[in-house]
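Trainee: I have a new model open on my screen and would like to learn how to read it. Could we go through it together?

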Amino acid sequence: MSTLLHLLAITSIKSGELPRGDAGTLAIKLILNTVFAVIGALALLIITVSGLRYILSGGDPQKTAKAKNGIVYSLVGLVIALSAVAIVSFVVKKL
């Protein structure tokens, strides 16, 4: 919570000017970690829903294939999101 307050404190707004912020590495890390956390949570939710669809498909080949595709695509998205986290953290550390 204190990092959010810190992020809000670095943004200064003066009358007659556009808002200006001093976005340091802390602000960038906070924003990107939040975005990647949401992406990861959505991928895990889709995996869970697709798993339930697979279980409840009742042997119907179309429903089973649709559920398997949902699991595969969300796993690929999760791997991409995790790779993005690693790349972004590496780049931000170099700033």
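Trainee: Let's begin with the secondary structure: how many helices and strands does the chain have?
Mentor: This is a predicted model, and its elements follow the order α-β-β-α-α from the N terminus. Counting them up gives three helices and two strands.

Trainee: Which helix has the highest mean pLDDT among the elements of the chain?
Mentor: For the chain, the mean pLDDT is 81, with 73% of the residues at 70 or more. Where pLDDT is low, the predicted coordinates should not be read in detail. At the low end of the elements is helix H1 (residues 2-9), with a mean of 58. The highest mean, 89, belongs to residues 61-94, which form helix H3.

Trainee: How far apart are the end C-alpha atoms of H3, and what span should its residues give?
Mentor: H3 has 34 residues, and at 1.5 Å a residue the helix should span 50 Å. The model agrees with that, because the end C-alpha atoms of H3 are separated by 50 Å.

Trainee: Which residues of H3 are buried?
Mentor: Over the chain, buried residues are 16% of the 95 residues. An α-helix has 3.6 residues a turn, so residues three or four places apart point the same way. Keep that in mind as you look at the buried residues of H3: Thr64, Ala67, Gly70, Ser74, Leu78, Ala81 and Val92.

Trainee: Is Ala67 buried or exposed?
Mentor: Ala67 sits in helix H3, and its contacts beyond four places in sequence are with Ser50, Arg53 and Tyr54. Its relative accessibility is 2%, and the cut-off for burial is under 20%, so Ala67 counts as buried.

Trainee: What does Ser74 touch, leaving out residues up to four places away in sequence?
Mentor: Ser74 is another residue of helix H3. With a relative accessible area of 7%, Ser74 is buried. Its partners beyond those sequence neighbours are Ala43, Ile46 and Ile47.

Trainee: How far apart in space are Ile46 and Gly70, C-alpha to C-alpha?
Mentor: Ile46 belongs to helix H2 and is partly exposed, with a relative accessible area of 42%. Neighbours within four places aside, Ile46 is in contact with Gly70 and Ser74. Ile46 and Gly70 are 24 residues apart in sequence, and their C-alpha atoms lie at a distance of 7.1 Å.

Trainee: And what is the C-alpha distance between Ala81 and Gly40?
Mentor: Ala81 is in helix H3 and counts as buried at 9% relative accessibility. Beyond four places in sequence, Ala81 touches Phe36 and Ile39. Along the sequence Ala81 and Gly40 are 41 residues apart, while C-alpha to C-alpha they are separated by 6.8 Å.

Trainee: What share of the contacts with a separation of 6 or more comes from residues 24 or more positions apart?
Mentor: The pair Ile46 and Gly70 is a handy example, with their positions 24 residues apart in sequence and a contact in the model. Across the chain, residues at 24 or more positions supply 48% of those contacts.

Trainee: Turning to the surface, which residues form a nonpolar patch?
Mentor: The chain exposes about 7400 Å², and 70% of this comes from carbon and sulfur atoms. One member of the patch is Leu42, in helix H2 (residues 25-55), and Leu42 counts as partly exposed at 48% relative accessibility. Together the patch residues have about 340 Å² of accessible area, and they are Val38, Leu42, Leu45 and Val49.

Key
Residues are numbered from 1 along each chain as its sequence is written. This is a predicted model: local features need pLDDT of at least 70, side-chain atom pairs count only at pLDDT 80 or more; totals for chains, interfaces and linings use all residues. Side-chain values use heavy atoms; hydrogens and water are left out. pLDDT is the predictor's confidence in each residue, from 0 to 100. Helices (H or I, at least four residues) and strands (E, at least two) are DSSP runs, numbered from the N terminus. Patches are made of residues with over 30% relative accessible area and no salt bridge: like charges are joined within 9 Å, nonpolar side chains (Val, Leu, Ile, Met, Phe, Trp, Tyr) within 5 Å. Accessible areas come from the Shrake-Rupley method with a 1.4 Å probe; for residues, only the protein chains shown count as cover. A salt bridge is a side-chain nitrogen of Lys or Arg within 4 Å of a carboxyl oxygen of Asp or Glu. Buried means under 20% relative accessible area, exposed over 50%, partly exposed in between (1.4 Å probe, protein chains only). Contact means heavy atoms within 4.5 Å. The expected span of a helix is 1.5 Å times one less than its number of residues.
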